Amino acid sequence: MRGVVMPSRSRPTIAVRGLAGELKALRQALGLSVRGVADRLGWPPSKLSRIETGRQGIRIEDVAALLVVYEVVGDERERLLAMSERSEPGWWEVLPGLPVESRTLIQLEAEATGVFNFEPLLVPGLLQTADYTRAVMQACGVNDEDAQSRVRARLGRQAILAREEPPELRVIIDEGALRRVLGGPWVMARQLRHLLDAADRPTVTVQVIPLAVGGYTGLDGPFAILDFRRNQSIVHLEHKISGLFLEEPEQVSYFRQEIDKLDAVASSPTESVKLIAQIVRTFDRE
């Protein structure tokens, strides 16, 4: 399958690309040409072309000017202007040692309305405690300075779950990830209690695939699917030294079928919570 790797900051950010796509769709819906809009604004056509393809950052003044031409008013105007503000560099841009792919994923999650995450080896990052994350970094040999940045990044990512309108988060985790001791029994007990607390939220669904299932599709690696209100969904695959973002409809469809297969072998949310609570008790006894 073909993928899109985001290897450098020269690539458009997800927020810019999403806004760019909406602005292009508005122009096309009105039957306006790039040159026609550019002429009305006194811009060279190349400027609007770069904006619509995400090759140029979008200033809020430029967005406001385009919305006048496209006759967008009211709540929709305010929403698009807010998107242009969010296209500016975020808090994650100043963290040292954070891979470019991680920065891209953080911005993706900030714009998503829904996130699905399958993890066969670890607790998903959006639901990790700080102590658990540190233990993961230590086990993976990440140096102390970079590890601290990554801990801060993962905790910062979780802020989206506390928003007034948080994304719908659904995770499926292999039971082995919950039993693998990272940081000691105390750290694991706190981590699993954090999972139980998260599962109580109306916008979070946690499911576990029991070890008794044996082999199943998904053992070849974790993946995430991010859905957006008006833009196409994106699949994220994470590797030790890189991240891969898949955007083609057939690629996203393939991984949605994988979700169905995982759901077929995963315990229900209710049974999963019972299993997690049972594992917590085993750590409490150690």
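This report walks through a sheet and a group of aromatic residues in a predicted model.

**The sheet**

Let us begin with the strands. Six of them make up an open sheet, and reading across it gives the order β3-β2-β1-β4-β5-β6, with mixed pairing. Because β3 (204–209) and β6 (243–246) each have a single partner strand, they stand at the edges, and one side of each is left without a neighbour in the sheet. On average, neighbouring strands of this sheet are turned by 15 degrees against each other, direction ignored.

One pairing is worth following on the structure. Strand β4 (residues 223–227) and strand β5 (residues 234–238) run antiparallel and are joined by three bridges. If you look for Leu226, you will find that its bridge partner in β5 is Ile234.

**The aromatic residues**

How many aromatic pairs does a search of the whole structure find? The search finds five. Two of these pairs share Phe223, and both are tilted. Here they are side by side:

| Aromatic pair | Centre to centre | Angle between the planes |
|---|---|---|
| Phe118 and Phe223 | 6.0 Å | 50 degrees |
| Phe223 and Phe255 | 4.9 Å | 55 degrees |

The pair of Phe118 and Phe223 links distant parts of the chain. Phe118 belongs to strand β1 (residues 114–119) and Phe223 to strand β4, with their positions 105 residues apart in the chain. In the other pair, Phe223 of strand β4 meets Phe255 of helix α11 (residues 249–265), so this contact ties together parts that are 32 residues apart in sequence.

Are these rings' residues buried or exposed? Phe118 has a relative accessibility of 0%, so it counts as buried. Phe223 also counts as buried, because its relative accessibility is 5%. Phe255 is buried too, with a relative accessible area of 9%. The cut-off behind these three statements is that buried means under 20% relative accessible area.

Phe118, Phe223 and Phe255 are part of one aromatic cluster, which also includes Phe116, Tyr216 and Tyr254.

**A charge over a ring**

Finally, turn to Trp43. Which residue has its charged end over the ring of Trp43? That residue is Lys47, whose charged end sits 4.2 Å from the centre of the ring.

Note on methods
Residues are numbered from 1 along each chain as its sequence is written. This is a predicted model: local features need pLDDT of at least 70, side-chain atom pairs count only at pLDDT 80 or more; totals for chains, interfaces and linings use all residues. Side-chain values use heavy atoms; hydrogens and water are left out. Two strands pair if DSSP finds at least two bridges between them. Helices (H or I, at least four residues) and strands (E, at least two) are DSSP runs, numbered from the N terminus. Axes are lines fitted to C-alpha atoms, for helices over the stretch in contact, and angles run from 0 to 180 degrees between N-to-C directions. Rings of Phe, Tyr and Trp (its six-membered ring) pair if their centres lie within 6.5 Å; planes under 30 degrees apart count as stacked, over 60 as edge-to-face and the rest as tilted. Buried means under 20% relative accessible area, exposed over 50%, partly exposed in between (1.4 Å probe, protein chains only). A charge sits over a ring if NZ of Lys or CZ of Arg is within 6 Å of the ring centre and within 35 degrees of the ring normal.
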